[in-house]
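Have the viewer open and ready? Let's take a short walk through this model together.

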Amino acid sequence: MGGISLNYLLRRLLVFFLTLWVAATLIFIIPRLAPGDPIAAMVARLSYQAGFVENADLIIEGWKERFGLNDPVYVQYLRFMTGLLGGDLGYSMARFPSTVTELVGRALPWTIGLVGFSTFIFFVVGNLCGALLAWARTPRLVKVLIPMSMIFTSIPPLLAGLLLSYTFAFLLGWFPQTYSYGFGLTPGLTLEFIASVIHHGILPAMAIVIVTFGYWALGMRGMMVTIEGEDYMILAQAKGLKPFYVLYRYMIRNAILPQMTALAVSIGTLVNGVVLVEVIFNYNGMGTLIVTALREQDFGLIQGTSFILIVTSALAVLIIDLSYPLIDPRISLEGR
Amino acid sequence: MTQQLNPESLSQNEEGTSKRDDFPLGGGKGRKDRVVLKVDNLRIHYATPQGDVIAVSDISFNLYEGETLGLVGESGCGKSTTAYGILQLVQPPGYIVNGSIEVDGTEVLDLEEEELRKFRWTGLSLIPQGAMNSLNPTMRVKDQIIDVIEAHEGKQSDKEALRERIFGLFQNVGLPNRIYNMYPHELSGGMKQRVCIAMGVALHPTAVIADEATSALDVVVQRIVAQTLIKVKDEIGVSLIVIGHDMGLLAQIVDRIAVMYAGKMVEIAPVENVYAKPLHPYTQLLIDSIPSIKERKPLKITEGITHDPRNPPSGCIFRLRCPFAWGHCAEVEPRQIMVEDLHEVACHLYDEQFTERRANALATIANS
């Protein structure tokens with residue numbers, strides 16, 4: 001019987017934290033290798049808006065001093081890492097008084113909501129479509145319609161977002177074009193606000209779903225065909241079990257296992273797609289935040305957003321990993 | 001083995017005596033007066049782009065109540081296809097061309113889909129080939145037995161009684177109760193096979209078909225599983241068809257043996273007849289090829305050519321390899337001739353009009 005030993009849990013957590021450490025280090029290094037200077041860029045932006053900024057050089061120096069950019073790299077690194085441990089991601093350089101934690105805290109729930117919702121939809125719909133494609137008793141019409149619905153699978157989420165936005169928001173006006181909830185609404189647990197959130201979330205989520213579910217459907221179909229050839233399928237038929245029961249308890253139940261593994265592997269790619277979709281719909285999540293940060297060369301924010309995305313992805317993979325013994329009895333995570 | 005074509009064995013037929021009024025090896029519970037499974041002219045093809053492969057060609061046989069029938073033949077001769085045909089489990093591109101399969105008077109081939117589903121396992125059950133992969137890896141042993149019970153007897157409200165019933169099945173096949181909550185991967189091969197046996201008899205079907213149920217096991221476990229099979233069969237009183245190619249093992253557990261060659265039933269006989277006085281030339285060569293620990297024997301069935309299963313030769317299927325074939329064999333397909341009670345053979349040598357040729361064949365053997 002599958003169970004998780006303390007030993008395994010500790011080892012798995014160690015790997016998890018190791019991942020985070022490596023990620024944090026890379027995130028620290030990479031922006032510093034890039035050309036450009038965030039403070040100079042900001043002052044340049046200010047001077048572009050105001051026409052002229054007095055004592056620009058002094059301001060730049062002052063801020064560099066304030067952000068510790070004049071310190072040796074290892075001091076910056078240590079400060080960065082100790083900050084992370086305390087949950088302090090530093091200040092946003094471009095929007096100075098705001099801390100990165102603050103900005104991320106505002107954006108992260110939206111992205112988690114969007115990713116969670118769309119992942120749920122495409123995983124369920126994709127696997128169901130794949131199962132129906134392979135099932136011998138599926139009506140022929142359904143078997144023709146499902147592949148037709150998968151024509152968007154090969155286009156990038158970016159284009160799917162534009163397409164949906166143009167069709168359903170601009171042309172038909174069924175859904176709002178931007179943002180995650182209606183203007184003038186106060187976030188809270190009111191019916192009006194929740195309805196607005198769902199209304200705003202559907203298009204971005206669909207942009208992810210329509211380009212993704214076909215991939216899962218095809219994978220599932222392949223798995224189902226393999227399962228159909230298994231000896232226990234013959235026995236299930238010989239036993240005279242009800243066809244629908246055989247479909248979900250014998251076929252889907254076994255075919256879904258590799259799909260779960262694939263889901264864990266694909267979470268990274270998924271986040272990539274979400275970033276772009278968020279930008280298209282001006283959805284106020286991590287994607288929009290990270291793109292803004294890149295555009296403004298906001299070191300602190302780039303580090304913070306990337307790090308949080310990595311933490312959440314790694315956490316999702318960790319959860320799928322640890323839940324594996326629950327879904328596949330053959331896999332036991334007991335220490336030996 | 002020169003005494004194989006013994007005319008005396010045939011004379012017994014005329015006297016109407018048979019040594020076998022019952023089936024001593026199978027526990028003696030068989031009653032040859034009641035047919036539980038009647039297969040008539042069953043023909044199964046596999047469709048291929050180059051034409052149909054004839055896997056089973058007009059096979060007919062009876063299975064009597066309480067009887068254990070062995071079905072033997074080379075790999076690819078159609079034994080498993082026959083079994084799957086009887087169970088209505090032939091997978092595409094295979095299909096049943098014609099025939100009739102009657103179980104307790106019910107024509108299986110005429111059943112509607114839902115009737116067929118209800119008939120399955122209550123009429124005929126299967127102990128599958130390769131029990132290693134025949135259990136669903138994601139379901140507990142108990143759930144796989146419960147699901148077949150509930151599929152046919154409805155949702156069981158009394159869980160305690162259901163558990164006792166399954167424990168009873170475990171006891172029948174010598175399984176410990178602790179496997180109740182286990183998953184298939186936690187069992188050994190022999191245990192899995194016994195779970196399949198327990199499952200196979202759970203609903204007390206009319207007949208059970210064991211498709212090479214012991215072929216993936218080592219000889220010791222094989223013996224235990226075979227004994228379990230026979231014990232359970234006798235206790236529950238079902239009829240049994242055992243498919244296999246291990247003639248030695250089958251000899252110990254079956255009442256009658258049906259020998260298949262290239263989709264045809266060539267001989268069906270009480271087990272001691274098959275070994276002591278096989279009639280069909282193929283059966284003779286087969287028995288003569290069984291190796292023994294005392295004697296190294298060559299494989300006798302090597303001469304002649306095998307045919308293309310899409311275009312079987314005219315007349316007798318075995319004539320290309322048969323040492324006794326003559327012109328008539330190419331022209332007329334032999335019928336199954338009842339030479340003795342419960343002993344049928346499909347060979348022209350046993351036709352009344354070729355008694356002389358039978359004597360000549362005997363002389364040939366004697367001279368060699």
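## A helix in chain A

How many residues does helix H7 of chain A have, and how far does the helix reach from its first C-alpha to its last? Helix H7 of chain A covers residues 157–171, so to speak a run of 15 residues, and spans 20 Å, close to the 21 Å expected at 1.5 Å a residue. Keep in mind as you look that this is a predicted model.

Follow H7(A) along and you will find a bend of about 30° at A:Ser165. A:Ser165 is also one of the buried residues of this helix, together with A:Pro157, A:Ala160, A:Gly161 and A:Leu164. The buried residues of H7(A) pack against two other helices of chain A, H8 (191–228) and H10 (243–280). After H7(A) comes A:Gly173, with a positive phi near 70°.

## Where the chains meet

Now turn to the contact between the chains, to which chain A gives 18 residues and chain B gives 23. On the side of chain A that touches chain B, the elements giving two or more residues are helix H9 (231–238) and H10 of chain A. H9(A) supplies the largest share of that side, 6 residues. By type, the chain A side divides into 7 nonpolar, 3 polar and 8 charged residues.

H10(A) is worth a second look: it is packed against by the buried residues of H7(A), and it also gives residues to the side that touches chain B.

## Strands in chain B

In chain B, strand E10 (residues 264–270) is mostly covered, with 7 of its 7 residues buried. Which strands pair with E10(B) in the antiparallel sense? One is strand E9 (residues 256–261) of chain B, over 6 bridges, and another is strand E12 (residues 343–345) of chain B, over 2 bridges.

You can find these pairings residue by residue. B:Met265 in E10(B) is the bridge partner of B:Met260, while B:Glu267 stands opposite B:Val345 in E12(B). The hairpin of E9(B) and E10(B) has 2 residues between the strands, and B:Ala262 there takes a positive phi near 45°.

## How far to trust it

The model scores ipTM 0.82 and pTM 0.80. Chain B averages a pLDDT of 83, and 88% of the residues score at least 70. Among the elements of chain B, helix H4 (residues 141–153) has the highest mean pLDDT, 94, and helix H1 (residues 7–15) the lowest, 39.

Over residues 1–30 of chain B, pLDDT stays under 50, and the model has 46 contacts beyond four places in sequence for them. Where pLDDT is low, predicted coordinates should not be read in detail.

Methods
Residues are numbered from 1 along each chain as its sequence is written. Chains are lettered from A and ligands numbered from 1 in the order in which they are written. This is a predicted model: local features need pLDDT of at least 70, side-chain atom pairs count only at pLDDT 80 or more; totals for chains, interfaces and linings use all residues. Helices (H or I, at least four residues) and strands (E, at least two) are DSSP runs, numbered from the N terminus. The expected span of a helix is 1.5 Å times one less than its number of residues. The bend at a residue is the angle between axes fitted to the seven residues ending there and the seven starting there. A residue is buried if 20 or more other C-beta atoms lie within 10 Å of its own, exposed if 12 or fewer, and partly exposed in between; C-beta atoms are placed from the backbone. Two residues are in contact if their C-beta atoms, placed from the backbone, lie within 7 Å. Ala, Val, Leu, Ile, Met, Phe, Trp, Tyr, Cys and Pro count as nonpolar, Asp, Glu, Lys and Arg as charged, and the others, Gly among them, as polar. pLDDT is the predictor's confidence in each residue, from 0 to 100. Two strands pair if DSSP finds at least two bridges between them.
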